[in-house]
Amino acid sequence: MQALEKSAATYFTTCKQDEVHVRYNKLTSTGYMKWQHYHNAYELALMVQGEGVCCVNGEMIRMQKDHLYLIPSTEPHIMKYSDRTPHALYHIYFFENLLQELAQESCLDIGRILFSSYAIPLTKQILNKLEKLIHAAVEHCKTGDPQEQFSARLLTKYILLTLARHAQSITAEADTSAGHPTVRKAAQYVNEHYAEELSLDKLADRFGLSKHYLCRLFRGDMGMTLTAYINTIRVQNACLLLGEGRLSISDIAERTGFSSTAYFDRQFKAQMNLTPSQYLRETAQPAHAPASAE
């Protein structure tokens, strides 16, 4: 991939418009994409081992084994994986023209069916089928031969059709990563009001629950504490503002809801492995990213 400078996020090209790109990534330590980025292709990410979080357009999605994650073309996102266990993912990149071809061939609006949600839980049967198909597509993509690429494209169409039929068979409740309705409402409230003062007491009062019960519900559904979620959303929005390069670090800390610049610095470094100042310098001159960066 080639990194190109962009104000709000780093942009990555992935492959030619008439190609698909499929790969398998397995890491034994904490993994993260340092830059919030977007690309000119749609992305599917199938997590077969480990857990983590994905922030897409400021919305936080819990990543877990046996789930598939869908990133629309040009939407800024960043993935970070837990250091508690090794993690492994398949990534598939493809373009709008493939969705259009498949819609004509299948008479299904595949794009609307799949990309109305960022995550799809998979049954064991569907997972086994997808893993075989995606593994075959990975092998076809290795050579760069046009005939092999044609085979990879056909497999990707079959993968998308399989996923669309599966998505149609599950309920809207199962499409979300947070099962409890109050957890979803709390997460959405944080996404929209992260710049305001958000104490646990205030959130508990808003949703009519005790602070301890709300925190327990949230951690159970999201895999992180409510406080950690608030800080993560704030840091990801701070990344967008830092990338624009128009505000001072202290102004960004204030605009993203942090009580002090010092606390902002600590939370930012804990999540990004860089201070805000270092991130600002790095994003001013983005480096070329390896193909396995995400």
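**Figure 1. Asp-201 and Lys-211 form a salt bridge.** The closest N and O atoms of this pair are 3.7 Å apart; a salt bridge here is a side-chain nitrogen of Lys or Arg within 4 Å of a carboxyl oxygen of Asp or Glu. The pair links distant parts of the chain, ten residues apart: Asp-201 sits in helix α6 (residues 200–206) and Lys-211 in helix α7 (residues 211–222). Helices (H or I, at least four residues) and strands (E, at least two) are DSSP runs, numbered from the N terminus. Asp-201 counts as partly exposed because its relative accessibility is 45%, and Lys-211 counts as partly exposed at 32%. Buried means under 20% relative accessible area, exposed over 50%, and partly exposed in between (1.4 Å probe, protein chains only). Please keep in mind that this is a predicted model, in which local features need pLDDT of at least 70, side-chain atom pairs count only at pLDDT 80 or more, and totals for chains, interfaces and linings use all residues. Residues are numbered from 1 along each chain as its sequence is written, and side-chain values use heavy atoms, with hydrogens and water left out.

**Figure 2. Further salt bridges join other charged side chains.** The structure holds seven salt bridges. Side chains of opposite charge can pair when their charged atoms come close. Glu-139 and Lys-142 meet through their side chains at 3.0 Å, N to O. Which of these two partners is exposed? Lys-142 counts as exposed because its relative accessibility is 58%, whereas Glu-139, at 36%, counts as partly exposed. Asp-66 and Lys-65 also meet in a salt bridge, at 3.3 Å from N to O, and Lys-65 is partly exposed at 42% relative accessibility. In addition, a network of salt bridges links Glu-101, Glu-105, Arg-153 and Lys-157.

**Figure 3. Five strands build an open antiparallel sheet.** The strand order is β3-β10-β5-β8-β11, where two strands pair if DSSP finds at least two bridges between them. At the edges lie β3 (21–27) and β11 (119–121), each pairing on one side only. Neighbouring strands of this sheet are turned by 20° against each other on average, direction ignored. Strands of a sheet pair through backbone hydrogen bonds, either parallel or antiparallel. For a closer look, follow β5 (residues 42–49) and β8 (residues 67–71), which pair in the antiparallel sense over five bridges. Here Ala-45 stands opposite Tyr-69 in β8.

**Figure 4. Helices α3 and α4 pack on the sheet.** Helix α3 (residues 124–141) touches β3, β5 and β10 (87–94), and its direction makes about 110° with that of β3. Helix α4 (residues 146–169) touches β3, β5, β8, β10 and β11, and its direction makes about 105° with that of β10. Axes are lines fitted to C-alpha atoms, for helices over the stretch in contact, and angles run from 0 to 180 degrees between N-to-C directions. Contact means heavy atoms within 4.5 Å.

**Figure 5. Arg-184 lies in helix α5 (residues 181–193).** Is this residue buried or partly exposed? Arg-184 counts as partly exposed because its relative accessibility is 24%. The C-alpha atoms of Arg-184 and Phe-218 are separated by 8.8 Å, with their positions 34 residues apart along the chain.
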